[in-house]
Amino acid sequence: MIIILKDNATKEDADFILNKIEGLNLKSLYMPGVERTVIGAIGDERVLAQLNLEANPCVEEVKTILSKYKLVGREIHHHDSVVKIGNTEVGGDQFHILSGPCAIESLELALESARIVSQAGAHSFRGGIYKPRTSPYSFQGLGDSGLEILRAVKEKYNTPIVSEIIDINDLEKMAKNVDALQIGARNMQNYVLLEAVGKSKIPIFLKRGMSATIEEFLLAAEYIYNSGNENIILCERGIRTFETATRNTLDLNAVAYIKQKSHLPVMVDPSHGTGLRELVIPLSKAALAVGADGLMIETHPNPVLALSDGRQSLNGSQFEKLMNELKILAPHFGKKI
Ligand code: PEP
Ligand code: MN
């Protein structure tokens, strides 16, 4: 619930209410404003009812938070959140470009990919080392040995690194070596993993499950936020529909909808969203126009030889072309790149 205090309420009045909320093991939020102070109380609705704050003389109004996603929604938190990945920002007026190969295949490939994307102006580098592949016979990633490669890329190109976590046991070593953790589509509803990454402060790049509704997506983010980690970037990566011409259907409705309902930054992945490299540039421009805060693009020095997702990966010159077009367009949509 949202508790609005009277304009003559003191800090002691606010502390009294905050203690009462915390005493019931509910989550409290303290939001002092210029004109009046607002307090949030979040948790089990049956326990919330016991608070009976309407009777408190320093309380002006008590409102119920209507949406299910209370912490990531805009009812309590109106302004846009900006999340940092290393020294770069996602959200606000920054249009963030995260790019690299689907999988880290070797040191040479990783360094060459990083050279291509950094020189063209990407803000951060991605590459999976633990790959959740649909078939057990597909390349599963380099595993732990890939961590050293990611570190080498970071050192050489001074770029923040994003990589996917699929196992809670990898959390500590990954958090030491990367700047943000990706939770992939297949793990969006792995609540044990969501709570584990929620207990760390490392930024989380949360991809939408391929069959998840927007509400389920936002509630997955709510798990992370509720566990203590506010550094969440959402990523629309396409959903399963009856359409088979493209790998997925990139749901740009979701981007516009979520931007209205949630304060979290939203990025778009047109690579997995379409599965076809020739559609990546058009859908990237559409994502910018619809209000996304950035893009995740798969780029590979030689996509034909890629061990995973080559068909949807851009090569160096295609990535450069994408960046050049975005640099012209971004200011028209209130973004810098
Ligand atoms: C990826 O980013 O390479 C990936 C596996 O994405 P998703 O989880 O969206 O399928
Ligand atoms: Mn991929």
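**A tour from strand β9 to ligand 1**

Begin by selecting strand β9, helix α5 (residues 171-177) and strand β10, which together make a right-handed β-α-β unit; right-handed here means that, with the strands pointing away from the viewer, the path from the first strand over the helix to the second runs clockwise. Helices (H or I, at least four residues) and strands (E, at least two) are DSSP runs, numbered from the N terminus. What you see is a predicted model, in which local features need pLDDT of at least 70 and side-chain atom pairs count only at pLDDT 80 or more, while totals for chains, interfaces and linings use all residues. Residues are numbered from 1 along each chain as its sequence is written, chains are lettered from A and ligands numbered from 1 in the order in which they are written, and side-chain values use heavy atoms, with hydrogens and water left out.

Next, show β9 (residues 161-164) with its side chains: I161 and S163 point one way, V162 and E164 the other way, and all are buried, that is, under 20% relative accessible area with a 1.4 Å probe and protein chains only. In a regular strand the side chains alternate between the two faces of the sheet.

Now add β10 (residues 180-183), which pairs with β9 in the parallel sense over three bridges, where pairing requires that DSSP finds at least two bridges; S163 stands opposite L181 in β10.

Finally, select ligand 1, whose surrounding residues include E164, Q182, A185, R186 and E298, each with a heavy atom within 4 Å of the ligand.

Key. Buried means under 20% relative accessible area, exposed over 50%, partly exposed in between (1.4 Å probe, protein chains only).
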